[in-house]
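User: Please take me through the sheet, the helices packed on it and the charged pairs of the model shown here, giving the criteria behind each term.

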Amino acid sequence: MRSLRLDVVSIFPEYLAPLDLSLIGKARRDGLIDLHVHDLRDFAHDRHRTVDDSPYGGGAGMVMKPGPWSEALGHVLAQGSPPAEDHQPRVPTLIIPGPGGEPFTQQIARELSEEPWLAFACGRYEGIDERVYEWAGERMPVRVLSLGDYVLNGGEVAVLAMVEAVARLLPGVIGNVESLVEESHEDGLLEYPVYTKPAEWDGRAVPDVLLGGNHRAIAAWRREQRIQRTAQRRPDLLPPTAATSALSGLEERVATPADAPDLQVLTRACWAPEFARYGMFSAGEEDLETVRDGIQEWDTRVWRKDGQLLASVRVRPHPTHSGTWQIGRLMVAPYLQGRGLGRELLVYAESLAPDDVRTFWLNTGARSTENLRLYKKAGYRVRPGEGEFPGTVDLTKRSTTSLP
Ligand code: JD8
């Protein structure tokens, strides 16, 4: 079982004591997490171990000095030597919590849980001198993350939450990984209500369906509860409805060979960044004949507006994996990208699957960060090893409608 190294720098190291408790504490004792907490003042060498000073340009409060931070982070970086087998210098991904950071999400928690080494810089006062961010960015990947749209007094509370959200995704930390699957934010839906004994409490009964032992009915009721709760509390998480769907404004139909020329153009337009990214054009290289063959071999859907092809996706039963629905060539005209159309196409492609489908299957470039972010946000997980084609990865997601 691999171990995740964590280094946290703070002027209040005792603030991280809760990480000795509960599952995270056990994971540390089991060697799944290797946590090191550093006191920033150990890297301030004046008599008062000063870590802050007044802000240039005036204003309230104090700012954290760059010197102690560069020394502390330098000390953390030094823990990475000797370099790894591939002679690559081992460096952590540095997380700097801040109210102005990128919102921390379950998706980011999953990304960080796949890293071998994370460092956290807990700021205080009005924040850390901006030059520390630049200095660190020259030595390691840096992510400025926010816990939420409210103001805390420092980064420690955020680090406690982020460490817990990341650590519980590590293999071996949570007893039964099954329970991770249907959690809120795992697949875009909030969790269903839960009940335990007694069946009658304070004159309040447990829903009958949960007492009936009919697993398919229970699964259907729980899914319905998840959708209702999400619609009530977090409609922003739900895929757009027909009314709000950007796709609904376009004409959709099943592609025919006559669509091949336009599909070839859209494919080349969508694969151009892949070519730029790693010189691989794959789908973009297909000649017209191959595009036509694709239309025959897959159920290909196209969306047009005023005759112009703007989006497409194709689906089919996976040729070698039974009970698996293969989704491919999810394409949106470049000028329409970034408006959630890709997510809608994915939800639509999943909805075309027959009821007996248990797994959805995707393939994309191993370094196609935007595609990977979209698919992971939709609940897909990268399968280990190389994907169907060189330089790609396969991703799968369990179809919740097929739950036993
Ligand atoms: C780090 C200093 C306090 C913030 C002047 C109050 C995260 N979601 C979040 N809210 N607040 C933080 C956060 C606050 C921090 C520091 C994170 C370091 N402060 C500052 C700017 C205004 N004081 C956070 N993650």
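User: Before the details, with which strand does β12 pair in the antiparallel sense?

Analyst: This is a predicted model, in which local features need pLDDT of at least 70 and side-chain atom pairs count only at pLDDT 80 or more, while totals for chains, interfaces and linings use all residues. Residues are numbered from 1 along each chain as its sequence is written, and side-chain values use heavy atoms, with hydrogens and water left out. Strands are DSSP runs of E with at least two residues and helices are runs of H or I with at least four, numbered from the N terminus; two strands pair if DSSP finds at least two bridges between them. Over 6 bridges, β12 (residues 308-317) pairs in the antiparallel sense with β13 (residues 324-332).

User: Which residue of β13 stands opposite Ala311, and which strands stand at the edges of the sheet?

Analyst: Ala311 has Val332 of β13 opposite it. The sheet is open and mixed in its pairing, with 7 strands in the order β10-β11-β12-β13-β14-β16-β15. Each edge strand has a single partner, so one side of it is left without a neighbour in the sheet, and these strands are β10 (251-254) and β15 (381-382).

User: What angle does the direction of helix α10 make with that of β13?

Analyst: Helix α10 (residues 341-351) packs on the sheet, touching β10, β11, β12, β13, β14 and β16, where contact means heavy atoms within 4.5 Å. Axes are lines fitted to C-alpha atoms, for helices over the stretch in contact, and angles run from 0 to 180 degrees between N-to-C directions. On that basis, the angle between α10 and β13 is about 155°.

User: Which residues of α10 are buried?

Analyst: Buried means under 20% relative accessible area, exposed means over 50%, and partly exposed lies in between (1.4 Å probe, protein chains only). The cover over the buried residues of α10 includes β11, β12, β13, β14, α11 and β16. The buried residues in this helix are Leu341, Gly342, Glu344, Leu345, Leu346, Ala349 and Glu350.

User: At what angle does helix α11 run to β14?

Analyst: Helix α11 covers residues 369-377 and lies across β13, β14, β15 and β16. Its angle to β14 is about 165°.

User: How far apart in sequence are the parts tied together by Glu114 and Lys376?

Analyst: The side chains of Glu114 and Lys376 form a salt bridge at 3.8 Å, N to O, the term requiring a side-chain nitrogen of Lys or Arg within 4 Å of a carboxyl oxygen of Asp or Glu. Glu114 is partly exposed at 47% relative accessibility, whereas Lys376 is buried at 15%. Because Glu114 lies in the loop between α3 (106-113) and β6 (117-121) and Lys376 lies in helix α11, the parts tied together are 262 residues apart.

User: Is Arg304 buried or exposed, and which residue does its side chain meet in a salt bridge?

Analyst: Arg304, with 11% relative accessibility, counts as buried. It belongs to strand β11, and its partner lies 42 residues away in helix α8 (residues 260-278). At 2.9 Å, N to O, the partner is Asp262.

User: What is the relative accessible area of Asp7, which meets Arg5 in a salt bridge?

Analyst: The side chains of Asp7 and Arg5 come to 2.6 Å, N to O. Arg5 is buried, with a relative accessible area of 17%. Asp7 is also buried, and its value is 0%.

User: How many salt bridges does the structure hold?

Analyst: Beyond isolated pairs, a network of salt bridges links Glu102, Glu111, Arg143 and Arg373. For the structure, the count of salt bridges is 23.
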